Amino acid sequence: VTTPIYYVNDRPHVGHAYTSVACDVLARYQRLAGREVLFCTGTDEHGQKVEEAARRRGISPQELVDEVSGQFRELAEGLEVEPDRFVRTTDQGHQRAVRHLWRRLEDSGAIYLGSYEGWYSIRDECYYAESELVDGRAPTGSEVEWTAKEPSYFFRLSDYEGRLLRYYEDHPDLIAPESRRNEVLAFVRGGLRDLSVSRTSFRWGVPVPGDDGHIVYVWIDALANYLSALGYPGTEGGAPSGDDAILDRFWPTALHVVGKDILRFHAVYWPALLMAADLPLPRRIFAHGWWTINGEKMSKSEGNVVDPLRLVDKYGVDPTRFYLMADVVFGSDGDFSRERMVLKVNANLANEVGNLCQRTLTMVVKNFDGAVPVTIGQYTQDDRAMLESASLLRGKCDEAISTQKIHRYVEHLVAVVWETNQYIDRMEPWVLRKTDPERMATVLFVIMEILRAVAILYQPLIPGSASKILDQLGVPASDRSFAHLKSGSIQPGTSLAKPVIIFPRFDLP
């Protein structure tokens, strides 16, 4: 599972947090499902933008990238995002991978020396044809400048137009969601031009092997991180390095999660480069949307850029993670609103799952000597229906996660909690306390079982809070993987501590 490596010309913002949390949720989910996972992220530290930003600040490019890369590490730590690998393109191992990939492209005849002139966006690190410009700007809205004729190496991208289209047809799930796949198909069908893959106008980057006057195009450098993170090119002629053959184990099932603004690089240029180097393609490339704030584009000049670590400071890690994943259809654009964040966190976490846990466990501790009830009666049709809803959760969540519909995964959990709140209100265990204590015990036990399933499945999204719920339910740490959804259960007689509030309510800003 990979995030794009983040460009270090500026501080992290909520868009970076969104991608990182999404990949962390996917990785944690698959680990709890019993799968072996390698989750990679990192920083993209070369290119003209970095060189110019360092010059403006009067420091060296290396000083700049060390500082900003550290901020991205802090972002991951602050959001409890736990990657297995953090790649920096200034690392020697990564640069070795870039040089090896370049040589493979040269050996295959996919690279040739020519000259280039045309429109270039420094912000996007991308070349644009005249026909792609909109009112004199790049399609992304960034400024472009005319690059005077200079020598450049080219990648024969035009040779891969038909091959890419055939691969897209044979692998319809390669690019998602469907709307993004259609964009890529339209772009490739419109014709591909050979791609300039070196620059001579700046020096901060990986020199082209055998021609130090040229710097490898920053996107070839950046995309190669997905291979260098796995130890590419290995020790012998491109073979996987190490006894575990990491490249062979993880690359065939690689999932790239990227923003829609860099989809072309990942879904057109990257597959073509891999084909030219005779390397397999990743399994899936998923492009999510952009975030605006209160309907407006985030901009430093407008002062409306959302700092995710400030959200964590104010609301906590898990409420921040929850809101980012729950409020927007993953794959579509989203609009950030502090008011909506507070309303959603209060509703789904504090009022629904938090209050349900507090009410249930307070009654258990108070009425059953501080332990899980020992005598459980026969289940009614209502009880069985609720337990069935909980048992179906895993399959629904699996389907959502396997297609990167993270919002749907959250919706399934929220829906079962809502049903369970309706159930407790119908059953009225506080009334049963006087009329039928055994029935009260059964109702509370059913709710605890549902809370156990919900909390186990919530671990990828809100790990700290889910762990606290499971602690309060008396579920041992060894019984919290997805395998225990069927094989485990709340143990009658388990001692329970007095419950404490897990999700505080927040005031509207």
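**Exercise 1.** Which residues of the largest nonpolar core touch the most other members?

*Solution.* The model is a predicted one. Its largest nonpolar core has 183 residues. Those that touch the most other members are Phe 155, Tyr 217, Phe 322, Met 325, Tyr 409 and Tyr 458. By element, α17 supplies the largest share of this core, with 16 residues. For one of the listed residues, Tyr 217, the contacts beyond four places in sequence include Tyr 120, Leu 195, Val 197 and Phe 265. Glu 125, Cys 126 and Tyr 127 are also among the residues in contact with Tyr 217.

**Exercise 2.** Place Arg 439 in the structure and decide whether Arg 439 is buried or exposed.

*Solution.* Start with the element: Arg 439 lies in helix α17, which spans residues 437-458. Next, take the relative accessible area of Arg 439, which is 14%. Buried means under 20%, so Arg 439 is buried. Then list the contacts, leaving out residues up to four places away in sequence: Arg 439 touches Gln 378, Thr 380, Asp 383, Tyr 423, Met 427 and Leu 432. With Thr 380, the side chain of Arg 439 makes a polar contact of 3.4 Å. Finally, the C-alpha atoms of Arg 439 and Tyr 120 are 72 Å apart, and 319 residues separate the two along the chain.

**Exercise 3.** Work out the strand order of the sheet that contains β14, and explain why β15 and β16 stand at the edges.

*Solution.* The sheet is open and mixed, with 3 strands in the order β15-β14-β16. β15 (296-297) and β16 (334-336) each have a single partner strand, so one side of each lacks a neighbour in the sheet. Strand β14 (residues 291-293) pairs with β16 in the parallel sense over 3 bridges. In one of these pairings, Trp 291 has Gly 334 of β16 as its bridge partner.

Terms used
Residues are numbered from 1 along each chain as its sequence is written. This is a predicted model: local features need pLDDT of at least 70, side-chain atom pairs count only at pLDDT 80 or more; totals for chains, interfaces and linings use all residues. Side-chain values use heavy atoms; hydrogens and water are left out. Two strands pair if DSSP finds at least two bridges between them. Helices (H or I, at least four residues) and strands (E, at least two) are DSSP runs, numbered from the N terminus. Buried means under 20% relative accessible area, exposed over 50%, partly exposed in between (1.4 Å probe, protein chains only). Contact means heavy atoms within 4.5 Å. A polar contact is a pair of N or O atoms within 3.5 Å; within protein, one must be able to donate a hydrogen and the other to accept it, and residues adjacent in sequence count only if both atoms are side-chain atoms. A nonpolar core is a set of buried Ala, Val, Leu, Ile, Met, Phe, Trp, Tyr and Cys residues joined through side-chain atoms within 4.5 Å.
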